[in-house]
Amino acid sequence: MSRLRRLAVFAAAAVLPALGLTFAAQAPASAAPNFQVPFKCGVTVTAATFSGHNPANSVDFQKSGITGMPVVASVAGTVTRVENEGSTSYGRWIELDHGGGWRTRYAHLSAQEVSVGQKVSGGAEIGKAGATGGVTGPHLHFEENLNGVTQKAVLNGVAAVYYGKKDFTSKNNCGGNPYSATEVCGSGFSVIDQQGLGSSGTAYLLYNASTKANCVTTLKSVSLGTASPTSAFLEVQGQARTTDSGNFTYYAGPVKKTAGATCVKWGGSVGSDTYTSAFEHCG
């Protein structure tokens, strides 16, 4: 730095505090989460990028027969947007917040299976791939955004090719339970509550707004593929409790009952780890 430039900097440093002004230290960029391929473990897809893509640096995941394939959360997060723009733009799309300014978007979906405010784990199914919106063919549009700006995608530590195509085999939630709560309960159900059972598993309460039906399932996290004691139950206030209990390999349930505006009590167990809710979700 030249002598004159040093003097100018020192003078500014002295004058600005006298004027009541200070320099704010620039906050360091938040480290990116370990984003994963947004498809189930073992699925191979082609990540395509191209000049002029909107927004820049977004990725189109391509695969023969992709329509209807489960789309899963790249990493754990909270659902911030579930939108439907019809036959234009993103069509049906979902946004997840991962903290630190990082968000992901999943667009052109044929189905959306989560709701705003819902917390999802990495690898949890959030929708189905499709061709809604302004597209010429089925694919999944995917973005890794930092403070609203789409970054060049990195998946499990491997960068996408800009611009070109690269095959990725998903390692998302490999070794975990291959089923999701929405798969167990079926089409039309969305998770409205969940409770961890220590490290043994998770009990889920789902709801179908069209049929007013509730559904409970308990997904195991241990002894996967091996039959072990697991249960799920659902009790509509004023009615008898219904329980699915036994030695199961991956999950207990689904237990379904129509409740509408009536309160429900729900829960489940894996081994000795149990959960029982109060009567809740009354509207």
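Me: What makes the contact between E183 and K40 a salt bridge?

Reply: In this predicted model, the closest N and O atoms of E183 and K40 are 2.6 Å apart. A salt bridge requires a Lys or Arg side-chain nitrogen within 4 Å of a carboxyl oxygen of Asp or Glu. The value of 2.6 Å meets that cut-off, so the pair is called a salt bridge.

Me: Why is this pair said to tie together parts of the chain?

Reply: E183 belongs to helix 2 (residues 181-185), while K40 sits in the loop between helix 1 (3-18) and strand 1, so the salt bridge ties together parts that are 143 residues apart in sequence.

Me: Is E183 called buried, partly exposed or exposed, and why?

Reply: The relative accessible area of E183 is 33%. Buried means under 20% and exposed means over 50%, with partly exposed in between. E183 is therefore partly exposed. K40, at 22%, is partly exposed for the same reason.

Me: Why does E113 count as buried or exposed, and what about K128?

Reply: E113 has a relative accessibility of 11%, which is under 20%, so E113 counts as buried. K128 has 22% and is therefore partly exposed.

Me: What makes K128 and E113 a salt bridge?

Reply: Their side chains meet at 2.8 Å, N to O, and the limit is 4 Å. K128 lies in strand 8 and E113 in the loop between strand 6 and strand 7 (119-120), so parts 15 residues apart in sequence are tied together.

Me: Which residues are joined into one network by salt bridges that share partners?

Reply: The network consists of E95, D97, R103 and R105. Within it, the side chains of E95 and R105 meet at 2.9 Å, N to O. Both E95 and R105 are buried. A search of the whole structure finds eight salt bridges.

Me: Why is one side of strand 14 and of strand 19 left without a neighbour in the sheet?

Reply: The sheet is open, with four strands in the order 14-15-16-19 and antiparallel pairing. Strand 14 (190-197) and strand 19 (251-258) stand at the edges and have a single partner strand each, so one side of each has no neighbour in the sheet.

Me: How do you know that strand 14 and strand 15 pair?

Reply: Pairing needs at least two bridges between the strands. Strand 14 and strand 15 (residues 201-208) have seven, in the antiparallel sense, so they count as paired. One example is D193, whose bridge partner in strand 15 is L205.

Methods: Residues numbered from 1 in each chain as written. Predicted model: local features only at pLDDT ≥ 70, side-chain atom pairs only at ≥ 80, totals over all residues. Heavy atoms only, no water. Helix = DSSP H or I, 4+ residues; strand = E, 2+ residues; numbered from the N terminus. Buried < 20%, exposed > 50% of the residue type's maximum accessible area, 1.4 Å probe, protein only.
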